[in-house]
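Please work through the exercises below with the structure in view. Each task is followed by a solution in steps.

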Amino acid sequence: MRDRLQCEFLLVRYVPDTVKNEFVNIGVVLREAGRPEAAEVRFTRDWSRVRCLDPDADVEMLEALENEIRASMADGANDLLGRISDSFSNMLQVTPPKACLAESLPAEMETLSRMYVETRRQREARRLSGRQAIATSMRRQFEAAGVWGLMRKRIAAAQYTQAGDPLRIDCGYRPNGVIRMFHAVSLDGDLEAAKVLAFSAPQLAEGVRRVEQASLELTAVVEPLRSMVSPEALESGAEQDRMEQYRFGVRTMEQSAIRVMTVNDLPRLAERAREELRV
């Protein structure tokens with residue numbers, strides 16, 4: 001394992017009213033210790049929290065500031081961050097630097113941005129985009145096998161669990177005495193869906209036995225681990241965390257008798273469905 005980089009990061013905060021001292025983190029500056037020119041700068045792309053705090057915020061100015069900081073850091077300037085507070089009358093503040101270790105600046109910046117800058121809406125969009133990609137791949141494979149039109153879609157868990165259950169399983173079919181259900185779950189950065197599915201699985205299986213007089217085979221389709229982890233940064237703290245979270249999500253679902261397959265297994269799953277549905 002190669003040595004990690006000694007780094008430090010600072011948060012850029014928007015503080016429209018210094019009396020109230022309410023602030024929003026809008027950016028992260030990450031730089032390698034002793035090498036100010038080796039730096040990463042990232043500002044938010046969702047200004048909703050800033051506008052909520054200050055409807056008159058000059059977002060264009062704030063966006064331009066990101067480029068200014070990046071250019072200054074590339075030139076090796078050390079005093080720009082100190083000038084920010086002076087230039088903007090404390091409307092912008094910079095936190096004291098905090099030390100961190102990183103295998104690579106991009107990987108560490110990804111982690112810091114998620115922790116300190118991304119809004120809940122951005123995190124939700126990230127999660128949904130990952131799940132949507134998996135669900136789209138699932139549909140295409142079942143369509144290619146000619147079985148999509150024969151499958152149940154958006155299966156309401158409430159008919160098997162209890163009224164008000166919002167969970168809907170993406171698709172499924174029944175060959176003989178078993179009901180096979182498939183649900184897209186993204187493990188990239190948000191494990192909530194995996195935990196919800198694991199929590200629901202025992203009640204769902206019991207409800208299928210009661211209502212359908214059949215056993216349930218519930219399959220979660222996830223992205224392959226290698227599609228989430230950057231090969232050049234496998235040893236970084238950020239990548240290690242993502243790997244552990246991925247494995248935790250898999251274990252959590254498997255402990256609830258959920259089969260976990262990746263999108264690479266979809267052709268085989270679709271072929272089995274074609275054979276069982278006799279298409």
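The exercises that follow concern a predicted model.

**Exercise 1. The nonpolar cores**

Determine which residues touch the most other members of the largest nonpolar core, and which element gives the most to this core.

Solution.
- Step 1. The largest nonpolar core has 27 residues. Those touching the most other members are Met181, Val185, Leu187, Leu197, Leu218 and Met253.
- Step 2. Two or more residues come from each of β8 (178-184), α6 (192-212), β9 (215-222) and α8 (237-254). With seven residues, α6 gives the most.
- Step 3. Methionine 181 may then be examined by itself. Apart from neighbours within four places in sequence, its contacts include Ile155, Tyr160, Leu204, Val208, Leu216 and Leu218.
- Step 4. A second, separate core holds 18 residues, among them Ala135, Trp148, Val221 and Leu266.
- Step 5. A general tendency provides the background: in soluble globular proteins, nonpolar side chains tend to be buried together.

**Exercise 2. The buried side of a helix**

Identify the buried residues of helix α9 and state how they are placed around the axis.

Solution.
- Step 1. Helix α9 spans residues 266-276, and its buried residues include Leu266, Leu269, Ala270 and Ala273.
- Step 2. These residues cover an arc of only 95° around the axis, and therefore lie on the same side of α9.
- Step 3. The general geometry is that an α-helix has 3.6 residues a turn, so residues three or four places apart point the same way.
- Step 4. Beyond the helix, arginine 278 follows α9 and has a positive phi, near 55°.

**Exercise 3. Aromatic rings**

Classify the pair formed by tyrosine 173 and phenylalanine 182, and decide whether each residue is buried or exposed.

Solution.
- Step 1. The structure contains three aromatic pairs.
- Step 2. In the pair of tyrosine 173 and phenylalanine 182, the ring centres are 6.2 Å apart and the planes stand at 15°, so the pair is stacked.
- Step 3. Buried means under 20% relative accessible area. Tyrosine 173, at 3%, is buried, and phenylalanine 182, at 1%, is also buried.
- Step 4. Ring pairs join Tyr173 and Phe182 with Phe142 in a cluster.
- Step 5. Another ring has a charged neighbour: lysine 153 lies over the face of tryptophan 148, 5.1 Å from the ring centre.

**Exercise 4. Salt bridges**

Describe the placement of the salt bridges that involve arginine 139, arginine 209 and arginine 174.

Solution.
- Step 1. There are 14 salt bridges in the structure.
- Step 2. Arginine 139 meets glutamate 143 at 2.8 Å, N to O. Both belong to helix α5 (residues 120-144) and are four residues apart, about one turn of the helix. Arginine 139 is partly exposed at 42% relative accessible area, and glutamate 143 is partly exposed at 39%.
- Step 3. Arginine 209 and glutamate 206 form a salt bridge at 2.9 Å, N to O. They are three residues apart in helix α6, and so are separated by about one helical turn.
- Step 4. Arginine 174 pairs with glutamate 212, their closest N and O atoms being 3.5 Å apart. Because glutamate 212 lies in helix α6 and arginine 174 in the loop between β7 (168-173) and β8, the pair ties together parts that are 38 residues apart in sequence. Glutamate 212 is partly exposed at 22%, as is arginine 174 at 38%.
- Step 5. A network of salt bridges links Arg180, Glu217, Arg259, Arg272 and Glu276.

Note on methods
Residues are numbered from 1 along each chain as its sequence is written. This is a predicted model: local features need pLDDT of at least 70, side-chain atom pairs count only at pLDDT 80 or more; totals for chains, interfaces and linings use all residues. Side-chain values use heavy atoms; hydrogens and water are left out. Buried means under 20% relative accessible area, exposed over 50%, partly exposed in between (1.4 Å probe, protein chains only). The arc is that of the directions from the helix axis to the C-beta atoms. A nonpolar core is a set of buried Ala, Val, Leu, Ile, Met, Phe, Trp, Tyr and Cys residues joined through side-chain atoms within 4.5 Å. Contact means heavy atoms within 4.5 Å. Rings of Phe, Tyr and Trp (its six-membered ring) pair if their centres lie within 6.5 Å; planes under 30 degrees apart count as stacked, over 60 as edge-to-face and the rest as tilted. A charge sits over a ring if NZ of Lys or CZ of Arg is within 6 Å of the ring centre and within 35 degrees of the ring normal. A salt bridge is a side-chain nitrogen of Lys or Arg within 4 Å of a carboxyl oxygen of Asp or Glu.
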